[in-house]
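Let's take a walk through this fold together. Please have the sequence and the 3D view open as you read.

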Amino acid sequence: MRLVPLFAVAAALAACQSVPAPDRDASATPPPAPHDVVHGRAFHLERILMPAGAVLEVQLIDDRIADGPDLSRAATIARMSYGELRAPPYAFDLPYDPARVEAGGAYSLRAALRDEEGRLAFITDHRVQVTPGAAAPVEFRLVRTTLP
């Protein structure tokens with residue numbers, strides 16, 4: 001009978017032990033900080049599902065460069081493609097390099113939704129103004145292209 005309470009105490013003490021954190025590889029690149037990501041959702045009003053293999057391409061653009069006289073200069077700060085899409089809204093998290101963003105700058109998003117064969121199906125038809133580092137997600141509408 002005395003063994004039962006002894007085992008209960010031993011089990012309780014064992015449960016209180018902390019588990020050591022796993023060793024981290026010092027060479028591994030840490031994920032971007034939450035303020036180094038533009039969170040957003042793209043949608044379209046058409047009641048259709050995209051086929052398997054559809055891809056959403058999102059770009060963060062520096063509007064000051066895009067509006068300059070030399071449009072050949074790279075205005076894209078970040079770009080990423082997202083797959084496995086079917087129905088809107090299409091959520092995305094676009095990481096960017098904070099060293100390429102200036103406080104008070106003018107930035108926007110461009111997006112394109114392509115079908116499984118890479119054909120353009122939906123795009124942004126205007127600049128979607130964005131503040132990099134903002135916590136609130138950006139929502140914008142994609143419009144159907146008329147291209148075949």
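The report below goes from the overall picture to the strands and then to a group of aromatic rings.

## Overview and confidence

What you see here is a predicted model, so a look at confidence is a good place to begin. The mean pLDDT of the protein is 79, and 69% of its residues reach 70 or more. One stretch calls for care: over residues 6-26 the pLDDT stays under 50, and the model has 0 contacts for them beyond four places in sequence. Where pLDDT is low, the predicted coordinates should not be read in detail.

## Overall architecture

The protein has 2 helices and 9 strands. Read from the N terminus, the order of these elements is α-β-β-α-β-β-β-β-β-β-β.

Of the 148 residues, 29% count as buried. The exposed surface of the protein comes to about 10,100 Å², with carbon and sulfur atoms supplying 58% of it. As for contacts with a separation of 6 or more, 66% of them involve residues 24 or more positions apart.

## Strand 5 and its partners

Strand 5 covers residues 107-114, and 6 of its 8 residues are buried, so the strand is largely enclosed by the rest of the structure. Which strands does strand 5 pair with? Strand 2 (residues 55-62) is one partner, running antiparallel to strand 5 and joined to it by 8 bridges. Within this pairing, Val58 of strand 2 stands opposite Ala111 of strand 5.

Strand 7 (residues 128-130) also pairs with strand 5 in the antiparallel sense, over 3 bridges. Here Leu109 has Val128 as its bridge partner in strand 7. Strand 6 (residues 120-123) is another antiparallel partner, joined to strand 5 by 3 bridges, and in strand 6 it is Ile123 that partners Ala112. Strand 5 and strand 6 form a hairpin with 5 residues between the strands, where Gly118 takes a positive phi near 85°.

## Asp62 in strand 2

Is Asp62 buried or exposed? This residue of strand 2 has a relative accessibility of 5%, so Asp62 counts as buried, the cut-off being under 20%. Leaving aside residues up to four places away in sequence, Asp62 touches Ala75, Ile77, Ala106 and Tyr107. Tyr107 falls within strand 5, which spans residues 107-114, and Ile77 falls within strand 3, which spans residues 76-82.

## An open three-stranded sheet

In another part of the fold, 3 strands form an open sheet with mixed pairing, in the order 4-1-8. Strand 4 (90-95) and strand 8 (138-141) stand at the edges; each has a single partner strand, so one side of each is left without a neighbour in the sheet. From one strand to the next, the twist averages 30°.

Strand 1 (residues 37-43) runs antiparallel to strand 4, and 6 bridges join the two. If you would like a spot to zoom in on, try Val37, which stands opposite Pro95 in strand 4.

## A cluster of aromatic rings

How many aromatic pairs are there? The count comes to 2. In one pair, the rings of Tyr82 and Phe92 have their centres 6.0 Å apart and their planes at 45°, so this pair is tilted. The two rings link distant parts of the chain, with Tyr82 in strand 3 (residues 76-82) and Phe92 in strand 4, 10 residues apart. Tyr82 counts as buried at 13% relative accessibility, and Phe92 is buried too, with a relative accessible area of 2%.

Phe92 also forms a tilted aromatic pair with Phe140, at 6.0 Å centre to centre and with 55° between the planes. This pair likewise links distant parts of the chain: Phe92 lies in strand 4 and Phe140 in strand 8, 48 residues apart. Phe140 has a relative accessible area of 4%, so this ring residue is buried. Taken together, ring pairs link Tyr82, Phe92 and Phe140 into a cluster. Seen alongside the open sheet, Phe92 and Phe140 sit in strand 4 and strand 8, which are the strands at its edges.

Note on methods:
Residues are numbered from 1 along each chain as its sequence is written. This is a predicted model: local features need pLDDT of at least 70, side-chain atom pairs count only at pLDDT 80 or more; totals for chains, interfaces and linings use all residues. Side-chain values use heavy atoms; hydrogens and water are left out. Helices (H or I, at least four residues) and strands (E, at least two) are DSSP runs, numbered from the N terminus. Buried means under 20% relative accessible area, exposed over 50%, partly exposed in between (1.4 Å probe, protein chains only). Contact means heavy atoms within 4.5 Å. Accessible areas come from the Shrake-Rupley method with a 1.4 Å probe; for residues, only the protein chains shown count as cover. Two strands pair if DSSP finds at least two bridges between them. Axes are lines fitted to C-alpha atoms, for helices over the stretch in contact, and angles run from 0 to 180 degrees between N-to-C directions. pLDDT is the predictor's confidence in each residue, from 0 to 100. Rings of Phe, Tyr and Trp (its six-membered ring) pair if their centres lie within 6.5 Å; planes under 30 degrees apart count as stacked, over 60 as edge-to-face and the rest as tilted.
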